[in-house]
Amino acid sequence: MKLSRESEYGLEGLRVLARRPEGTVMLLQEIAAAGNLPERFLAKIFQKLARRGLLRSHRGAVRGYSLARPTASISACEILHAIEGDDLFERCAFWPSRCSGQRPCVLHREWNSRLRPALREVLEGITLEQIAAEPSRSLRALGATAAAGTRAPEAWKEER
(Lines give C-alpha, C1' and ligand atoms only; values in the text may rest on other atoms or scores of the structure.)
Protein backbone atom coordinates (compact mmCIF):
# COMPACT_ATOMS: atom_id res chain seq x y z
CA MET A 1 0.00 0.00 0.00
CA LYS A 2 1.43 3.32 -1.01
CA LEU A 3 0.56 6.24 1.23
CA SER A 4 0.82 9.88 0.23
CA ARG A 5 3.05 12.57 1.64
CA GLU A 6 -0.16 13.92 3.20
CA SER A 7 -0.30 10.86 5.45
CA GLU A 8 3.35 11.22 6.37
CA TYR A 9 2.91 14.87 7.33
CA GLY A 10 -0.42 14.25 9.04
CA LEU A 11 1.03 11.51 11.21
CA GLU A 12 4.00 13.70 12.13
CA GLY A 13 1.75 16.66 12.97
CA LEU A 14 -0.46 14.46 15.14
CA ARG A 15 2.63 13.05 16.81
CA VAL A 16 3.70 16.57 17.77
CA LEU A 17 0.31 17.15 19.43
CA ALA A 18 0.25 13.70 21.02
CA ARG A 19 3.56 14.36 22.78
CA ARG A 20 2.08 17.31 24.64
CA PRO A 21 -0.08 17.00 27.77
CA GLU A 22 -3.68 15.99 27.04
CA GLY A 23 -5.85 18.99 26.13
CA THR A 24 -2.95 21.12 24.90
CA VAL A 25 -3.97 23.60 22.19
CA MET A 26 -1.22 24.51 19.72
CA LEU A 27 -1.11 26.96 16.87
CA LEU A 28 -0.71 25.36 13.47
CA GLN A 29 2.56 27.23 12.92
CA GLU A 30 3.94 25.79 16.20
CA ILE A 31 2.99 22.26 15.16
CA ALA A 32 4.51 22.76 11.71
CA ALA A 33 7.73 24.15 13.17
CA ALA A 34 8.03 21.37 15.76
CA GLY A 35 7.49 18.68 13.11
CA ASN A 36 9.54 20.42 10.41
CA LEU A 37 6.44 20.42 8.17
CA PRO A 38 5.10 22.87 5.56
CA GLU A 39 2.42 24.95 7.30
CA ARG A 40 0.04 25.44 4.35
CA PHE A 41 0.03 21.76 3.47
CA LEU A 42 -0.46 20.81 7.13
CA ALA A 43 -3.43 23.20 7.36
CA LYS A 44 -5.28 21.25 4.65
CA ILE A 45 -4.47 17.93 6.29
CA PHE A 46 -5.61 19.14 9.71
CA GLN A 47 -8.91 20.32 8.22
CA LYS A 48 -9.56 16.74 7.08
CA LEU A 49 -8.65 15.38 10.51
CA ALA A 50 -10.91 17.92 12.24
CA ARG A 51 -13.85 17.03 9.94
CA ARG A 52 -13.42 13.38 10.92
CA GLY A 53 -13.45 14.21 14.63
CA LEU A 54 -9.80 13.41 15.34
CA LEU A 55 -8.84 17.04 16.02
CA ARG A 56 -10.61 20.02 17.52
CA SER A 57 -10.16 23.41 15.95
CA HIS A 58 -10.20 26.22 18.53
CA ARG A 59 -11.00 29.85 17.77
CA GLY A 60 -10.98 32.94 19.91
CA ALA A 61 -8.50 33.80 22.65
CA VAL A 62 -7.11 30.26 22.74
CA ARG A 63 -6.86 29.21 19.13
CA GLY A 64 -5.23 26.35 17.35
CA TYR A 65 -5.68 22.59 17.38
CA SER A 66 -5.97 19.92 20.03
CA LEU A 67 -6.63 16.21 19.90
CA ALA A 68 -10.33 15.40 20.12
CA ARG A 69 -9.76 12.14 22.02
CA PRO A 70 -7.05 10.49 24.10
CA THR A 71 -4.12 9.18 22.05
CA ALA A 72 -4.81 5.58 23.07
CA SER A 73 -8.25 5.74 21.42
CA ILE A 74 -7.11 7.05 18.01
CA SER A 75 -5.93 4.35 15.59
CA ALA A 76 -3.57 4.65 12.67
CA CYS A 77 -6.38 3.21 10.56
CA GLU A 78 -8.69 6.13 11.47
CA ILE A 79 -5.98 8.66 10.73
CA LEU A 80 -5.13 7.17 7.34
CA HIS A 81 -8.80 6.85 6.39
CA ALA A 82 -9.33 10.52 7.22
CA ILE A 83 -6.36 11.61 5.10
CA GLU A 84 -6.32 9.11 2.23
CA GLY A 85 -10.08 8.64 1.88
CA ASP A 86 -12.60 5.89 2.47
CA ASP A 87 -11.33 3.85 -0.47
CA LEU A 88 -7.95 3.34 1.22
CA PHE A 89 -8.41 -0.41 1.53
CA GLU A 90 -10.27 -0.78 -1.74
CA ARG A 91 -7.26 0.19 -3.83
CA CYS A 92 -4.97 -2.64 -4.83
CA ALA A 93 -1.66 -2.51 -2.97
CA PHE A 94 0.25 -3.90 -5.92
CA TRP A 95 -0.94 -1.96 -8.98
CA PRO A 96 -3.47 0.65 -7.77
CA SER A 97 -3.58 2.52 -11.06
CA ARG A 98 -4.21 -0.60 -13.14
CA CYS A 99 -6.16 -2.95 -10.88
CA SER A 100 -9.85 -2.75 -10.03
CA GLY A 101 -12.77 -5.05 -9.32
CA GLN A 102 -13.67 -4.90 -13.00
CA ARG A 103 -10.05 -5.43 -14.17
CA PRO A 104 -8.34 -7.41 -11.39
CA CYS A 105 -4.60 -8.06 -11.36
CA VAL A 106 -3.18 -11.55 -10.86
CA LEU A 107 -2.82 -10.95 -7.10
CA HIS A 108 -6.22 -9.27 -6.63
CA ARG A 109 -7.92 -12.27 -5.05
CA GLU A 110 -5.17 -12.62 -2.42
CA TRP A 111 -5.28 -8.88 -1.74
CA ASN A 112 -9.04 -8.99 -1.14
CA SER A 113 -9.22 -12.24 0.79
CA ARG A 114 -6.14 -12.22 3.03
CA LEU A 115 -3.85 -9.23 2.76
CA ARG A 116 -6.33 -6.34 2.98
CA PRO A 117 -8.09 -7.66 6.12
CA ALA A 118 -4.73 -8.39 7.77
CA LEU A 119 -3.38 -4.92 7.00
CA ARG A 120 -6.55 -3.25 8.26
CA GLU A 121 -6.34 -5.26 11.50
CA VAL A 122 -2.71 -4.27 12.05
CA LEU A 123 -3.43 -0.57 11.43
CA GLU A 124 -6.47 -0.67 13.73
CA GLY A 125 -4.19 -2.04 16.46
CA ILE A 126 -1.67 0.79 16.21
CA THR A 127 -2.60 3.80 18.32
CA LEU A 128 -1.52 7.41 18.17
CA GLU A 129 -0.07 6.82 21.63
CA GLN A 130 2.28 4.20 20.12
CA ILE A 131 3.11 6.43 17.16
CA ALA A 132 3.96 9.29 19.52
CA ALA A 133 6.32 7.02 21.45
CA GLU A 134 8.40 6.31 18.34
CA PRO A 135 11.59 8.37 18.05
CA SER A 136 11.44 11.17 15.49
CA ARG A 137 13.71 11.16 12.52
CA SER A 138 14.53 14.07 10.32
CA LEU A 139 12.77 13.08 7.11
CA ARG A 140 14.73 15.54 5.04
CA ALA A 141 18.06 14.24 6.35
CA LEU A 142 17.02 10.65 5.69
CA GLY A 143 15.90 11.56 2.19
CA ALA A 144 19.21 13.26 1.47
CA THR A 145 21.25 10.25 2.63
CA ALA A 146 19.02 7.86 0.70
CA ALA A 147 19.47 9.93 -2.45
CA ALA A 148 23.22 9.77 -1.94
CA GLY A 149 22.99 5.99 -1.65
CA THR A 150 24.03 5.80 1.99
CA ARG A 151 22.21 5.14 5.19
CA ALA A 152 23.38 7.36 8.00
CA PRO A 153 21.85 6.68 11.42
CA GLU A 154 23.51 9.86 12.69
CA ALA A 155 21.09 11.76 10.42
CA TRP A 156 18.23 10.69 12.66
CA LYS A 157 17.15 13.48 14.93
CA GLU A 158 15.67 12.61 18.30
CA GLU A 159 12.92 14.96 19.40
CA ARG A 160 12.34 13.54 22.83
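Select threonine 71 to begin: this residue is buried, with a relative accessible area of 18%, where buried means under 20% relative accessible area, exposed over 50% and partly exposed in between, computed with a 1.4 Å probe on protein chains only. The model is a predicted one, in which local features need pLDDT of at least 70 and side-chain atom pairs count only at pLDDT 80 or more, while totals for chains, interfaces and linings use all residues. Residues are numbered from 1 along each chain as its sequence is written, and side-chain values use heavy atoms, with hydrogens and water left out.

**Around threonine 71 and alanine 18**

Threonine 71 sits in the loop between E2 and H4; here helices (H or I, at least four residues) and strands (E, at least two) are DSSP runs, numbered from the N terminus. If you display its surroundings and leave out residues up to four places away in sequence, threonine 71 touches Ala18, Thr127, Leu128 and Glu129, a contact being heavy atoms within 4.5 Å.

Move next to alanine 18, which belongs to helix H1 and, at 14% relative accessibility, counts as buried. Apart from neighbours within four places in sequence, alanine 18 is in contact with Leu67, Thr71, Leu128 and Ala132. A distance label from the C-alpha atom of alanine 18 to that of proline 70 should read 8.5 Å, although the two residues are 52 residues apart along the chain.

**The whole chain**

Zoom out and colour by secondary structure: the protein has seven helices and two strands, and from the N terminus on its elements run α-α-α-β-β-α-α-α-α. Of its 160 residues, 37% count as buried. Among the contacts with a separation of 6 or more, 60% are accounted for by residues 24 or more positions apart.

**H1 against H2**

Select H1 together with helix H2 (residues 28-35), and look at how they pack, at an angle of about 105° and with their axes 9 Å apart; the axes are lines fitted to C-alpha atoms, for helices over the stretch in contact, and the angles run from 0 to 180 degrees between N-to-C directions. That angle makes H1 roughly perpendicular to H2, on a scale where under 35 degrees counts as roughly parallel, over 145 as roughly antiparallel, 65 to 115 as roughly perpendicular and the rest as oblique. To see the contact itself, show the side chains of Glu12, Gly13, Val16 and Leu17 of H1 and of Ile31, Ala34 and Gly35 of H2. These residues divide into four nonpolar, two polar and one charged, where Ala, Val, Leu, Ile, Met, Phe, Trp, Tyr, Cys and Pro count as nonpolar, Asp, Glu, Lys and Arg as charged, and the others, Gly among them, as polar.

Asparagine 36 is the next stop, in the loop between H2 and H3. Its phi is near 55°, a positive value in a residue other than glycine, and at 37% relative accessibility asparagine 36 counts as partly exposed. Most residues other than glycine have a negative phi.

**The two strands**

Select strand E1 (residues 55-58) and E2, which pair in the antiparallel sense over four bridges; two strands pair if DSSP finds at least two bridges between them. Within this pairing, serine 57 stands opposite tyrosine 65 in E2. The hairpin has five residues between the strands, and in it glycine 60 takes a positive phi near 95°.

Now follow E2 (residues 64-67), both faces of which are covered: Gly64 and Ser66 on one side, and Tyr65 and Leu67 on the other, are all buried.

**Aromatic pairs**

The structure holds four aromatic pairs, counted where rings of Phe, Tyr and Trp (its six-membered ring) have centres within 6.5 Å, with planes under 30 degrees apart taken as stacked, over 60 as edge-to-face and the rest as tilted. Select tyrosine 9 and phenylalanine 41, whose ring centres are 5.5 Å apart and whose planes stand at 80°, so the pair is edge-to-face. Because tyrosine 9 lies in helix H1 (residues 5-18) and phenylalanine 41 in helix H3 (residues 39-51), the pair ties together parts that are 32 residues apart in sequence. Tyrosine 9 is buried at 12% relative accessible area, whereas phenylalanine 41, at 30%, counts as partly exposed.

Finish with phenylalanine 94 and tryptophan 111, whose ring centres are 6.4 Å apart with planes at 80°, so this pair is edge-to-face. Phenylalanine 94 is partly exposed at 35% relative accessible area, and tryptophan 111 is buried at 3%. Add Trp95 to the selection, and you have the cluster into which ring pairs link Phe94, Trp95 and Trp111.
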